[in-house]
Amino acid sequence: MDPEELIDDFEMLGDWEERYRYLIDLGSQLPPLADEERTEENRVRGCMSQVWLVPEDGSESRLRFRGDSDAHIVRGLIALLRMLMSDRDAAEVRDMDIGDIFSRLGLENQITANRRNGFYAMVQRIKQLAEERAAS
């Protein structure tokens, strides 16, 4: 998804309560990971919640990933990251200014510092997966 489309969607929602509900709804639509995918290798370090990101097989040059968490809001953040960063090549993932997008979505000031740190840990893991995909 184009970041501008997502930003427009969030701006139409208005207040933070609506955005929060939308984020949780996005997360509720994520397909759950299988138990065997919830491994240490797939776990994202730096998140207070349990978070797993799993690269999918597919195009050799484009990263596709799935994810899950034990926290509703974090599942929503994973869904956002999938919308923004999945199905892109390593250069697109590396060059994407997620911090700017995150701020423009109005999330920078609305989630706790711990959640922000976890969000950026997920971004770093996604960038790592993209680089690994490009190198293979």
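**Entry 1: Arg94 and its acidic partners**

I looked up the side chain of Arg94 in this predicted model. Arg94 forms a salt bridge with Asp95, with 3.9 Å between the closest N and O atoms. I noted that this pair counts because the cut-off for a salt bridge is 4 Å from nitrogen to carboxyl oxygen. Asp95 is exposed, at 60% relative accessibility. Arg94 is partly exposed, with a relative accessible area of 43%.

I then found that Arg94 also forms a salt bridge with Glu131, where the closest N and O atoms are 2.9 Å apart. Glu131 belongs to helix α6 (residues 113-135) and Arg94 to helix α4 (residues 90-95), so this bridge ties together parts that are 37 residues apart in sequence. For Glu131 I recorded a relative accessible area of 35%, which is partly exposed.

**Entry 2: other salt bridges**

I searched the whole structure for salt bridges and obtained 13. One of them joins the side chains of Arg64 and Asp87, at 2.8 Å from N to O. This pair links distant parts of the chain, 23 residues apart. Arg64 sits in the loop between β2 (62-63) and β3 (65-69), while Asp87 sits in the loop between α3 (72-85) and β4 (88-89).

I checked the accessibility of both partners. Arg64 is partly exposed at a relative accessible area of 28%, and Asp87 is partly exposed at 35%. I also recorded a network of salt bridges that links Glu4, Asp100 and Arg104.

**Entry 3: aromatic rings**

I counted five aromatic pairs in the structure. In one of them, the ring centres of Phe119 and Tyr120 are 5.3 Å apart and the ring planes stand at 80°, so I entered the pair as edge-to-face. The cut-off behind that entry is an angle over 60 degrees between the planes.

Are Phe119 and Tyr120 buried or exposed? Phe119 is buried, with a relative accessible area of 3%, whereas Tyr120 is partly exposed, with 27%. Ring pairs join Phe119 and Tyr120 with Phe102 in a cluster.

I looked separately for a charge placed over a ring. The charged end of Arg38 sits over the ring of Trp52, at 4.7 Å from the ring centre.

**Entry 4: Ile98**

I turned to Ile98, which is found in helix α5 (residues 98-104). Ile98 counts as buried, at 4% relative accessibility. Which residues is Ile98 in contact with, leaving aside its neighbours within four places in sequence? I listed Leu81, Leu84, Met85, Phe119, Tyr120 and Val123. Two of these contacts, Phe119 and Tyr120, are in the ring cluster of the previous entry.

I also took the separation between Ile98 and Arg45. Their C-alpha atoms are 19 Å apart, and their positions lie 53 residues apart along the chain as counted.

**Entry 5: helices α1 and α2**

I examined how helix α1 (residues 3-13) packs with helix α2 (residues 16-28). The two pack at an angle of about 130°, and their axes are 8 Å apart. That angle makes α1 oblique to α2.

I next noted the residues that meet where these helices pack. On α1 they are Asp9, Phe10, Glu11 and Leu13, and on α2 they are Glu18, Arg19, Tyr22 and Leu23.

**Entry 6: Arg43 and Arg75**

I located Arg43 in the loop between α2 and β1 (51-55). Leaving aside neighbours within four places in sequence, Arg43 is in contact with Gln50, Val51 and Trp52. Trp52 is also the residue whose ring lies under the charged end of Arg38. Arg43 and Met122 are 79 residues apart in sequence, yet I found 9.6 Å between their C-alpha atoms.

I closed with Arg75, whose place is in helix α3. Is Arg75 buried or exposed? Arg75 is buried, with a relative accessible area of 13%. The cut-off I applied for buried is under 20%. Not counting residues up to four places away in sequence, Arg75 touches Gly27, Ser28, Leu30, Asp68 and Ser69.

Conventions:
Residues numbered from 1 in each chain as written. Predicted model: local features only at pLDDT ≥ 70, side-chain atom pairs only at ≥ 80, totals over all residues. Heavy atoms only, no water. Helix = DSSP H or I, 4+ residues; strand = E, 2+ residues; numbered from the N terminus. Buried < 20%, exposed > 50% of the residue type's maximum accessible area, 1.4 Å probe, protein only. Phe/Tyr/Trp six-rings, centres within 6.5 Å; stacked < 30°, edge-to-face > 60°. Lys NZ or Arg CZ within 6 Å of the ring centre and 35° of its normal. Axes fitted to C-alpha atoms, helices over the stretch in contact; angles between N-to-C directions. Parallel < 35°, antiparallel > 145°, perpendicular 65-115°, else oblique. Contact = heavy atoms within 4.5 Å.
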